[in-house]
Amino acid sequence: MQLRDLLRQGAARLGSAGVPSPEVDARELLLSALHLTPTALLTRAHEPVGADGQARYAALLDRRAAREPLQHILGEVEWGGVRLRCDPRALVPRPETEWLLHLLLPGVQSRPRPRVLDVGTGTGALALGVKAACPGAAVTATDLSPGALALARENAALNGLDVTWVQADLLSGVPGPFDLIVSNPPYLPDGDRAHAAPEVQRDPQLALYSGPDGLTLARRLAAQAPAALAAGGELWLELDPRNAATLAAELRTDGWEAQLHADLTGRERFVQARRAGGPG
């Protein structure tokens, strides 16, 4: 069977299983199964594929058709300038969070020796993305989950980056001060559980849901943040577009200067906050 026919059959198989992006996923799995580059897939589309290669591809398709996340099957992803291992110990890092990294980096890079804290680090994505872009930054990252922290440490070793890892419940016991605190906390309303996609149901549930409106943990973090921020420090949060404006309004009422930033689809998802009256 030729490469192009195998790819077409794979996409059809995933589509019939309800996978949201069957063509893209089938292509990524074929590249992985046959150890091909994207260019090779294009230039060798008419070449036949042997039985061993077809069997490897079929096995990967079976896993994806069962709605195992694509990133878990591939094992690693490129994200924010680093390589990240992905497995069930932590949420798969999303493109939205990569945009958060893009938004906050100018503020980090403008400081001579920035102190950055990533709260709820998961795979270590934000912490490692900051450290890779700003080698002079002192980066600390926390997570409540020992498994997530173990994965984050593995990712730090994979990228050769030095980050301080701390097991903690938000900011409890984490020494400050920090120039920037960033977090992609659990932000989905509890009611979303009933309608979650099969891939989401495989994610650590502790990292997804946060009370009736999705803001329980974000509110706790915002309440703790002033004591851990240096003068002029900032708090950056990724939230659900359904509740980001709500938290920004609450922060303003509580004495913060807060503004919203949109994701790449134009939805207001990110909150940037500074204590009112602090240095610019």
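A residue counts as buried when its relative accessible area is under 20%. In this predicted model, Cys 134 has a relative accessibility of 7% and is therefore buried. Cys 86, at 4% relative accessibility, is likewise classed as buried. Although both cysteines are buried, the search for disulfides across the whole structure returned zero.

Two annotated regions were examined. For residues 5-75, UniProt gives the annotation "domain: Release factor glutamine methyltransferase N-terminal", taken from an unreviewed entry. This stretch is 72% helix and 0% strand. The C-alpha atoms at its two ends are separated by 25 Å. The second annotation, "domain: Methyltransferase small", is also listed by UniProt in an unreviewed entry and covers residues 103-190. Here the chain is 34% helix and 24% strand, and the end C-alpha atoms lie 28 Å apart.

The packing of two helices was then considered. Two packed helices are described by the angle between their axes and the distance between the axes. Helix α1 is formed by residues 3-16 and helix α4 by residues 51-65. The angle between α1 and α4 is about 20°, and their axes are 10 Å apart. Angles under 35 degrees count as roughly parallel, and α1 and α4 are therefore placed in that class. The crossing of α1 past α4 is right-handed.

Two residues located in strands were also examined. Asp 118 belongs to strand β3, which spans residues 115-119. With a relative accessible area of 1%, Asp 118 falls under the 20% limit and so is buried. Leu 128 follows at a separation of 10 residues along the chain from Asp 118, and the distance between the C-alpha atoms of Asp 118 and Leu 128 is 9.5 Å.

Arg 274 is part of strand β9, which runs over residues 268-275. The relative accessible area of Arg 274 is 17%, which is under the 20% limit, so Arg 274 is buried. The side chain of Arg 274 takes part in a polar contact of 2.6 Å with the side chain of Glu 234. In addition, a polar atom of the Arg 274 side chain lies 2.5 Å from the backbone oxygen of Gly 232. The side chain of Arg 274 is thus placed beside a side chain, that of Glu 234, and beside a backbone atom, the oxygen of Gly 232.

Conventions. Residues are numbered from 1 along each chain as its sequence is written. This is a predicted model: local features need pLDDT of at least 70, side-chain atom pairs count only at pLDDT 80 or more; totals for chains, interfaces and linings use all residues. Side-chain values use heavy atoms; hydrogens and water are left out. Helices (H or I, at least four residues) and strands (E, at least two) are DSSP runs, numbered from the N terminus. Buried means under 20% relative accessible area, exposed over 50%, partly exposed in between (1.4 Å probe, protein chains only). A polar contact is a pair of N or O atoms within 3.5 Å; within protein, one must be able to donate a hydrogen and the other to accept it, and residues adjacent in sequence count only if both atoms are side-chain atoms. A disulfide is a pair of cysteine sulfur atoms within 2.5 Å. UniProt positions are given in the numbering used here, feature names are shortened, and annotations may be inferred rather than shown by experiment. Axes are lines fitted to C-alpha atoms, for helices over the stretch in contact, and angles run from 0 to 180 degrees between N-to-C directions. Angles under 35 degrees count as roughly parallel, over 145 as roughly antiparallel, 65 to 115 as roughly perpendicular and the rest as oblique. A crossing is left-handed if the near helix is turned anticlockwise from the far one by less than a right angle, and right-handed if clockwise.
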